[in-house]
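Colleague: I'm new to reading structures, and I'd like to go through this one with you. Could you take my questions one by one?

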Amino acid sequence: MREFVAGLDPAALCPTDAVALVGWFAELERLAGAGRALAAARSTESGVWEREGFRSPAHWLASRAGTSVGAAVSTLEMARRLDEQPVVDAAVRAGSLSLPQAVEISSVVGSAPEVARVLVDIAQREPLRRLQHHCRNVRAGADPVGEEARYRRVHESRYVRWWIERDGAFRLDARLTADAGAKVCAVLERERDTVFADARRARRRESFDAYTADAFVRVVTGTGTSRAAPAQVRVTVDHVALTRGHTEGGERCEIIGVGPVPVSVVERLASDAVLKVLVTDGTDVRAVAHAGRTIPARVRSALEARDPSCVVPGCLVRDRLEIHHLVPYARGGPTTLDNLVRVCAWHHHALTHDHCALERNETGGWTWRAPP
């Protein structure tokens with residue numbers, strides 16, 4: 001393999017062969033990661049990390065593999081759990097899962113083995129971030145301490161820390177409950193829109209991360225425009241959970257784009273935030289239509305809940321999403337939930353002007369179709 005890669009001339013490859021090689025090397029990388037994880041778990045039992053002067057097995061593996069200590073800890077924990085997780089073990093050995101995917105799935109399958117096959121299937125067709133979202137929901141539903149105790153545990157571990165890096169940069173890290181984080185994000189996003197508008201008027205182009213940083217400074221220092229208005233938080237909750245006051249197995253109560261929260265948190269949010277709640281068996285938004293192009297408020301809320309990020313496979317853009325009619329409005333496409341999706345500006349332009357298309361696949365997800 002070393003000789004093959006040393007002699008590989010990308011310019012000499014036809015595009016089709018290059019595509020095939022990308023897939024082949026990706027599979028090889030997954031297999032190599034699986035083999036490394038399995039061997040590492042056994043290697044650390046020999047005490048080699050102590051003999052070579054490392055403070056822990058994870059520090060030894062991080063040095064050998066060129067990864068962070070945190071990644072090494074996760075890899076070792078995952079490898080040691082595989083004996084009790086045959087579905088995940090088979091997928092790892094087959095090269096179907098990358099190490100980050102295997103770590104995510106393994107961390108929740110122990111408490112909910114029945115979802116192993118579902119999560120492995122999701123991992124093979126969805127980006128890592130969406131797999132993490134599914135795993136987070138499974139973890140929340142399977143946690144034996146209950147949603148209120150879990151919420152209190154996160155609240156008790158909250159913090160904000162800051163430090164100065166070697167180059168003089170100011171760094172900040174925070175750990176908050178989901179509802180507190182959602183309110184922070186809502187205020188920052190609203191202020192970022194103002195920062196973006198100011199930059200546009202000044203004909204200045206920067207990344208959204210940079211605009212968010214400017215918005216953060218404005219909000220914290222009190223020089224922004226969003227501090228007076230309450231934050232807007234969007235929540236999806238099952239009707240039975242809302243009336244009962246708590247969720248049970250498989251039920252959903254989450255802040256859209258953030259994560260699961262107890263039902264009681266939704267009730268508290270109503271007192272200090274503009275709360276948009278989508279009750280999943282309430283008004284049948286699929287039956288709502290509109291004669292014009294304007295998106296009805298109920299349909300827009302349902303659409304935001306269903307498509308928190310760009311629906312194009314592999315695209316994880318969440319900011320400034322645009323609404324696209326699958327059957328164009330000009331050709332009689334209705335303004336209904338079934339005919340609408342949220343996509344990023346780049347993919348919206350490709351769908352509208354470059355003859356690309358989005359199609360539902362057999363799994364209920366989306367398939368991107370480029371023109372011939």
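Here is our chat about the model, question by question.

Colleague: Before we zoom in, how many helices and strands does the chain have?

Modeller: Keep in mind that this is a predicted model. Of the 372 residues of the chain, 35% count as buried. The secondary structure adds up to 16 helices and ten strands.

Colleague: Which element gives the most residues to the largest nonpolar core?

Modeller: That core has 25 residues, and those touching the most other members include Met 78, Val 88, Leu 97, Ile 105 and Leu 119. Helices H2, H5, H6, H7, H8 and H9 each give two or more residues to this core. With six residues, the top contributor is H7.

Colleague: Val 88 is in that list, so which residues is Val 88 in contact with, leaving aside its neighbours within four places in sequence?

Modeller: Val 88 is one of the core residues that touch the most other members. Once those sequence neighbours are set aside, its contacts are Leu 82, Leu 97, Ile 105, Val 109 and Ala 116.

Colleague: Now helix H8: how wide an arc do its buried residues cover around the axis?

Modeller: H8 spans residues 116-123, and its buried residues are Ala 116, Leu 119, Val 120, Ile 122 and Ala 123. They sit on the same side of H8, because the arc they cover around the axis is only 160°.

Colleague: What kind of aromatic pair do Phe 208 and Tyr 211 form?

Modeller: These two are three residues apart in helix H12, so about one helical turn separates them. As a rule, an α-helix has 3.6 residues a turn, so residues three or four places apart point the same way. The ring centres are 5.9 Å apart and the planes meet at 90°, where anything over 60 degrees gets the label. That makes the pair edge-to-face.

Colleague: Of Phe 208 and Tyr 211, which one is buried?

Modeller: The cut-off for buried is under 20% relative accessible area. Phe 208 has 28%, so Phe 208 counts as partly exposed. The other ring residue has just 3%, so the buried one is Tyr 211.

Colleague: Which residue has its charged end over the ring of Tyr 159?

Modeller: For a charge to sit over a ring, it has to be within 6 Å of the ring centre, and within 35 degrees of the ring normal. Here the distance from the centre of the Tyr 159 ring is 3.7 Å, and the charged end belongs to Arg 161.

Colleague: Is Arg 203 buried or exposed?

Modeller: Arg 203 lies in the loop between helix H11 and H12. Its phi is positive, about 55°, although Arg 203 is not a glycine. The relative accessible area is 82%, and over 50% counts as exposed, so Arg 203 is exposed.

Colleague: And where is His 355, the residue with phi near 65°?

Modeller: That phi is a positive value in a residue other than glycine. His 355 has a relative accessible area of 67%, so His 355 is exposed. Its place is the loop between helix H16 and strand E9.

Colleague: Last one: how far apart in space are Pro 260 and His 133, C-alpha to C-alpha?

Modeller: Pro 260 is in strand E5, and with a relative accessible area of 25% it is partly exposed. In sequence, Pro 260 and His 133 are 127 residues apart. In space, C-alpha to C-alpha, the distance is 9.6 Å.

Note on methods
Residues numbered from 1 in each chain as written. Predicted model: local features only at pLDDT ≥ 70, side-chain atom pairs only at ≥ 80, totals over all residues. Heavy atoms only, no water. Buried < 20%, exposed > 50% of the residue type's maximum accessible area, 1.4 Å probe, protein only. Helix = DSSP H or I, 4+ residues; strand = E, 2+ residues; numbered from the N terminus. Arc of directions from axis to C-beta. Phe/Tyr/Trp six-rings, centres within 6.5 Å; stacked < 30°, edge-to-face > 60°. Core = buried A, V, L, I, M, F, W, Y, C linked by side-chain atoms within 4.5 Å. Contact = heavy atoms within 4.5 Å.
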